[in-house]
Amino acid sequence: MLTGPEALKSLNEALDEVREEERGIAGRLSQASEKVARLREAEAGHFRGLAEERLGAEQRAGLTNRLSAAEKRAREMIDQHIADTAETQQKLAGLDAELAALGKRRHAENDKLAAAQSALDALASTVTAALAKDRKFAARRGETGRLFEVAERAMQKTAQAEADREEKGRPYRSDLLFMYLWERGYGTKNYRANNLIRALDGWVARLVDYYNARPNFAMLNEIPMRLREHAERLKAAAEAASDGLEAAEIAAVDKAGGKSSRLAIEAAQAAIAKIDAEVVEIEDDRDELARAQRHLAEGSDPAFRDAVQLLAESLIREDITALFTEARATPSGRDDSIVAQIDQVRRQIAEDETEVREDKERLKVLAARRRDLEDIEWEFKKERFDDPRSTFGQDELVGDTLGEFLRGAITAATYWGLWRASQSWRDSTRQAGGRIGLPRDPFRGTLWPPGGAPTAPAGVSWGRLGGAIGGAIAASLSRPRSGSMGSRRHGGFKTGGKF
């Protein structure tokens with residue numbers, strides 16, 4: 001059994017490890033790319049030596065001058081590339097330090113939240129007893145349950161009407177002539193056409209029996225729209241009733257001496273939301289910087305690529321190729337030594353380029369995993385799964401299953417779905433005489449606030465209602481990448497349906 005804070009800590013640690021490995025491979029890749037460039041320089045140097053041995057003064061001067069110019073220009077570009085890479089790595093390290101500091105601050109705020117919630121939990125029996133005697137509260141709660149029940153039935157009717165619209169409307173939508181007339185607004189005051197087109201459209205209308213079909217298709221589309229409008233009005237009424245009950249519950253909490261704890265919870269939630277917004281912004285900045293680092297490490301920087309290409313092209317010119325072929329074909333002591341050194345350099349280049357290709361692929365995979373893990377971490381915090389009362393029944397989510405996700409055996413959506421399926425709220429305040437709990441509004445999210453799901457009024461399934469109106473609980477990921485986190489789904493003080 002994992003608690004929310006333990007689970008989030010494990011995700012944070014995994015994310016730190018992925019970022020560290022990403023930096024490490026990027027650094028190694030950058031060094032390997034630079035090494036290949038240096039080996040090209042060495043190869044050019046060996047060819048200069050070969051020219052000294054085998055060419056006349058005029059030929060030697062032309063070749064060595066050209067190679068020296070290429071080496072000099074390439075060396076300048078390579079040195080600049082190394083400086084840019086070092087600067088990028090330093091910036092990444094700075095952002096990682098900021099993220100680590102924010103993580104510590106968030107942990108401290110979560111501790112404050114847990115302490116304040118514990119203090120509030122201690123008032124559960126007092127507040128429960130007070131609300132149990134409040135007939136108006138009980139009546140309002142019953143009315144709220146009735147509103148949710150009515151809203152559920154309305155949404156079920158809406159869902160059925162929408163399904164009918166999809167199924168029964170398919171023959172209409174598949175009839176190209178009918179849809180042509182429908183989209184032109186034929187038979188309505190919005191229809192516009194000259195006499196010839198009007199006559200042709202009339203002939204088409206008679207051909208497809210448009211005059212009888214149009215009202216049926218219009219009704220098929222109109223009914224779901226009206227039902228949804230009605231369901232939305234019922235939803236608003238249920239929300240208003242829920243807000244009123246929440247206000248009454250908060251008043252009871254304050255009256256029992258829980259105001260300071262309630263305000264402490266609100267302050268901690270606000271601080272956590274602010275930290276999470278900062279984390280999103282820094283992670284987005286870091287993502288851009290990591291992409292730039294990967295670009296540099298892979299040798300994709302135009303200046304660096306041009307430098308290596310300049311050297312490579314200089315070394316495959318016809319005159320240099322002929323020089324190398326001739327030196328290999330006419331052995332002599334000095335020539336053989338230089339040829340052997342060139343062969344060794346080229347073998348090393350081939351080995352290093354193979355390693356570079358492998359590291360490039362690994363770096364792309366790590367970048368994708370890191371982004372996925374950031375998305376999951378964001379969803380985790382948005383759903384308040386890091387709350388101390390949140391628990392997970394599957395320990396392997398931070399063990400073998402996490403390993404499978406990092407290896408790419410399962411997708412991010414699947415991994416997040418497993419977290420959601422495993423999560424539950426620990427409820428420590430059920431009273432002997434039952435629990436008078438505020439029925440939290442399923443319209444506002446797919447999860448109940450920390451503390452557990454409330455007791456539904458008789459005949460009402462909060463799960464079915466939440467599923468019908470809020471949509472089925474999905475494992476989709478919705479982390480924004482715009483630098484703005486947006487509002488937390490459960491922002492603001494919530495008693496957790498405990499009283």
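Let's start with T401, which is buried, with a relative accessible area of 10%. Why does 10% earn that word? Because buried means under 20% relative accessible area, and T401 comes in at 10%. Please keep in mind that this is a predicted model, so treat each number I give you as computed from that model.

Where is T401, then? Its place is in helix α13, a helix that covers 400-407. And what does T401 touch? Leaving aside residues up to four places away in sequence, T401 is in contact with E396, I410, Y415 and L418.

Hold on to E396 for a moment, since that name comes back on the surface. E396 gathers with E6, D395, D400 and E404 in a patch of negative charge. If you are following in the sequence, notice that E6 is numbered 6, while its partners in the patch include D395 and E404. One member, D395, lies in the loop between β2 (390-392) and α13. Is D395 buried, exposed or partly exposed? D395 is partly exposed, because its relative accessible area is 41% and partly exposed runs between 20% and 50%.

Now for two residues with backbone angles to look at. Here is the background: most residues other than glycine have a negative phi. With that in mind, look at D209, where phi is near 55°, a positive value in a residue other than glycine. D209 sits in the loop between α7 (195-207) and α8 (210-255). This aspartate is partly exposed, at 42% relative accessible area.

The second one is R384. Its phi is also positive, near 65°, and again the residue is not a glycine. You will find R384 in the loop between α12 (333-382) and β2. Is R384 buried or exposed? R384 counts as buried, because its relative accessibility is 6% and the cut-off for buried is under 20%.

Let's step back and look at the whole protein. How many helices and strands are there? The protein has 15 helices and 3 strands. It contains 499 residues, and buried ones make up 44% of them; T401 is buried, and R384 is as well.

What about contacts across the chain? Take the contacts between residues at least 6 apart in sequence: 86% of them join residues at least 24 apart. Finally, the accessible surface comes to about 24500 Å², and 52% of that belongs to carbon and sulfur atoms.

That's my tour, and thanks for listening!

Key:
Residues numbered from 1 in each chain as written. Predicted model: local features only at pLDDT ≥ 70, side-chain atom pairs only at ≥ 80, totals over all residues. Heavy atoms only, no water. Patch = residues over 30% accessible without salt bridge, like charges linked within 9 Å, V, L, I, M, F, W, Y side chains within 5 Å. Areas by Shrake-Rupley, 256 points an atom, 1.4 Å probe, with all protein chains shown as cover. Salt bridge = Lys/Arg side-chain N within 4 Å of Asp/Glu carboxyl O. Lys, Arg positive; Asp, Glu negative; His and termini not counted. Charge placed at Lys NZ, Arg CZ, Asp CG, Glu CD. Helix = DSSP H or I, 4+ residues; strand = E, 2+ residues; numbered from the N terminus. Buried < 20%, exposed > 50% of the residue type's maximum accessible area, 1.4 Å probe, protein only. Contact = heavy atoms within 4.5 Å.
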